[in-house]
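Hi,

Here is the structure I promised to pass on. Have a look at it first, and then read my notes below.

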Amino acid sequence: MAAEEAARANFYALLARLFYAPRDAALLKAISVEKLEGEEASLSRSWAELAQAAAQADPEAVREEYESAFIGTGKAPVTLYTTAYTIRYSNEAPLAELRGDLATLGLGRRAEVREPEDHIAALCDTMRHLVAEQKKDLEEQRRFFNRWIHPTIDPLCSAIERNDKTAFYKPVARFAKSFLQLEQAAFEML
């Protein structure tokens, strides 16, 4: 795999891990020491901010933040389920459409997984899979990205940044937004 494709897959994998559950000390340390060389300026800046936040983060505080911002009691203050940001009409059934798209790609939710497929972590992991495992052509990657990730970038990341319960996840959101906007710009050049 080309270095650029490996980097894209790794960024998607990292976002999936960060959004799926609160992160442990080992991942926070790995983020804090990793440097980006020769990347696009806004991506490098958002990565540096994330690395600094990871270096200063206490894993227990990150766990508490994740639970209070994304899980909460009752309705979470910020939802990581992307269809919440895209449903316009009550008769829309995006989860059924997403499941159909995943089935077409030969993918589906494992029986032991309770999270619906529209969780941002699952969508990022799907993109990682399309890039690194299935090595789908860029047009197929673009189609999935444009349908399931692109419409949610701004509203999801903005919700995280506006929320008073987030501290560590603010730079996570800025990095995610920077990377996903760079992806969108690259897909638009196809």
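Buried residues make up 43% of the 190 residues in the protein chain. Keep in mind that this is a predicted model. On the outside, the chain exposes about 10000 Å², and carbon and sulfur atoms supply 51% of that area.

As for the fold, you'll be looking at helices: the secondary structure comes to 9 helices and 0 strands. Reading from the N terminus, the order is simply α-α-α-α-α-α-α-α-α. The radius of gyration is 16 Å, close to the 16 Å that the globule rule gives for 190 residues, so the chain is as compact as a globular protein of that length. If you want a feel for the dimensions, the C-alpha atoms fill a box of roughly 45 × 40 × 30 Å along the principal axes.

How much of the contact count comes from residues far apart in the sequence? Taking the contacts with a separation of 6 or more, 71% are between residues 24 or more positions apart.

On charges, the protein chain carries 24 positive and 30 negative side chains. The centres of those two sets lie 3 Å apart.

Next, the cysteines. How many disulfides does the structure hold? The number is 0. A disulfide, as a reminder, is a covalent bond between the sulfur atoms of two cysteines. Cysteine 124 has its closest cysteine sulfur in cysteine 157, but the distance is 9.2 Å, which is too far for a bond. For the pair to count as a disulfide, the sulfur atoms would have to be within 2.5 Å. Looking from the other side, the closest cysteine sulfur to that of cysteine 157 is the one in cysteine 124, again at 9.2 Å and too far for a bond.

Are these two cysteines buried or exposed? Cysteine 124 has a relative accessibility of 1%, so it counts as buried. Cysteine 157 counts as buried too, because its relative accessibility is 2%.

One last spot to click on is lysine 135. You'll find it in the loop between α6 (120–133) and α7 (138–148). Its backbone caught my eye: lysine 135 has a positive phi of about 50°, although it is not a glycine. Most residues other than glycine have a negative phi. Lysine 135 is also exposed, with a relative accessible area of 53%; the cut-off for calling a residue exposed is over 50%.

Cheers

How values were computed
Residues are numbered from 1 along each chain as its sequence is written. This is a predicted model: local features need pLDDT of at least 70, side-chain atom pairs count only at pLDDT 80 or more; totals for chains, interfaces and linings use all residues. Side-chain values use heavy atoms; hydrogens and water are left out. Helices (H or I, at least four residues) and strands (E, at least two) are DSSP runs, numbered from the N terminus. The radius of gyration is taken over C-alpha atoms; the globule rule is 2.2 Å times the number of residues to the power 0.38. Buried means under 20% relative accessible area, exposed over 50%, partly exposed in between (1.4 Å probe, protein chains only). Contact means heavy atoms within 4.5 Å. Accessible areas come from the Shrake-Rupley method with a 1.4 Å probe; for residues, only the protein chains shown count as cover. Lys and Arg count as positive and Asp and Glu as negative; His and the chain ends are not counted. The place of a charge is taken as NZ of Lys, CZ of Arg, CG of Asp or CD of Glu.
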